[in-house]
Amino acid sequence: MTTDAHATSFGLPHRKLAMWVFIGSECMFFGSLIATYLAYEDRSLVGPMPAEILNIPLTSVSTFVLLMSSLAMVLFLDGVQRNARTAARAWNAAVIGLGVLFLAGQVYEFRHFYHEGLTLQQNLFGATFFVLTGFHGAHVTVGVIWMTALLVLQFLGRLGPERSLDVEVAGLYWHFVDVVWIVIFTLIYLIQ
Amino acid sequence: MAEDSTLEAHEGGHAARSTYWIIAVVLAMITVLEVAVFYVPAIRGVIVPVLLVLSAAKFVLVAMFFMHLKYDSPVLTVVLSVGLVVATAIILAIMFLFGAIGRGTI
């Protein structure tokens, strides 16, 4: 299979166009969750409230980690396209490692919030916050699993330049998860 | 890395590796600026528009360079734009319906 196989009438590969359509639909999905959070964030009758509990320094580091994972992702794709196997493996491993690090930060944050009394049922802030960030975390988890599968293919020698579209499509998903976090970080954490 | 500067549009129109590094540094600097803005009390009055502009800048940089929209078919930009326009409409409609706009949320 080559990168030009199964082109659409736009001259684009089917899978690439399909991923972009999926990303467009995901914009609407996360838009709904963000809107719900913004509509309810200051309507909680009991605490904890966002200003009391959100940890900006921790989340800033998580944001930096996810941004750098996007850099690793494009360098992973670049390595596959150049058939630089060692570099491609290293950058894919970096994507996975940074993704896991981001998830670890989210698990730490959720546990901390739970011990501070913020649960899914505690108030409107808790319900909308956990649903929004939880769905984002689930997307990161899917991305980590996807990248791990690609890493296995790399070690089996089955991810050469002729299959760079596979990596490009996975990369589009990963970058989208990154840009969603860019929006969440600003609207939920910094604008309180 | 020397060859990178001459490879501005290789392999189907993707950016050079040096460009990716520069974009990553810019993204990191914008993030630092965002956090700095959050902690400066003097600009509390304009913090929302400033943060929205900085966030939009990061979004655009990732979409253009890391997701290759700058080098790819305009059709893909249209597909993403439609999703973003509908998402923005959803956010504004829900916030309007729940009275969040003008209440201080955003």
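A crossing of two helices is called left-handed if the near helix is turned anticlockwise from the far one by less than a right angle. Keep that wording at hand for the second stop of this tour, and bear in mind throughout that the model is predicted.

**Chain A as a whole.** Select chain A and display it as a cartoon: you should find six helices and zero strands, which follow one another along the sequence in the pattern α-α-α-α-α-α. If you turn the chain along its principal axes, its C-alpha atoms fill a box of roughly 55 × 35 × 25 Å. Chain A has 192 residues, of which 44% count as buried, and among its contacts with a separation of 6 or more, 80% are accounted for by residues 24 or more positions apart.

**Helices α5 and α6 of chain A.** Next, select residues 124-155 of chain A, which form helix α5, and residues 164-190 of chain A, which form helix α6; the two pack at an angle of about 155 degrees, with their axes 10 Å apart. Because angles over 145 degrees count as roughly antiparallel, α5(A) and α6(A) are roughly antiparallel to each other. Here the opening definition comes into use, since the crossing of α5(A) and α6(A) is left-handed. To see where the helices meet, show side chains on the α5(A) side, including A:His136, A:His139, A:Gly143 and A:Trp146, and on the α6(A) side, including A:Tyr173, A:Trp174 and A:Trp181. Taken together, the residues of this contact of α5(A) with α6(A) divide into 13 nonpolar, four polar and no charged.

**Where chain B touches chain A.** Now bring chain B into view and look at the contact, which takes 39 residues from chain B and 40 residues from chain A. On the side of chain B, the elements that give two or more residues are α1 (17-39), α2 (47-66) and α3 (74-97) of chain B. Of these, α3(B) gives the most, with 14 residues. If you colour this side of chain B by residue class, you will find 29 nonpolar, six polar and four charged residues.

**Helix α1 of chain B.** Finally, select α1(B), whose 23 residues should span 33 Å at 1.5 Å a residue, and whose end C-alpha atoms are 34 Å apart, which agrees. Which residues of α1(B) are buried? They are B:Arg17, B:Tyr20, B:Ile23, B:Ala24, B:Leu27, B:Thr31 and B:Glu34. With those residues still selected, look at what surrounds them: the buried residues of α1(B) pack against α3 (56-81) and α6 of chain A, together with α2 of chain B.

Terms used
Residues are numbered from 1 along each chain as its sequence is written. Chains are lettered from A and ligands numbered from 1 in the order in which they are written. This is a predicted model: local features need pLDDT of at least 70, side-chain atom pairs count only at pLDDT 80 or more; totals for chains, interfaces and linings use all residues. Helices (H or I, at least four residues) and strands (E, at least two) are DSSP runs, numbered from the N terminus. A residue is buried if 20 or more other C-beta atoms lie within 10 Å of its own, exposed if 12 or fewer, and partly exposed in between; C-beta atoms are placed from the backbone. Two residues are in contact if their C-beta atoms, placed from the backbone, lie within 7 Å. Ala, Val, Leu, Ile, Met, Phe, Trp, Tyr, Cys and Pro count as nonpolar, Asp, Glu, Lys and Arg as charged, and the others, Gly among them, as polar. Axes are lines fitted to C-alpha atoms, for helices over the stretch in contact, and angles run from 0 to 180 degrees between N-to-C directions. Angles under 35 degrees count as roughly parallel, over 145 as roughly antiparallel, 65 to 115 as roughly perpendicular and the rest as oblique. The expected span of a helix is 1.5 Å times one less than its number of residues.
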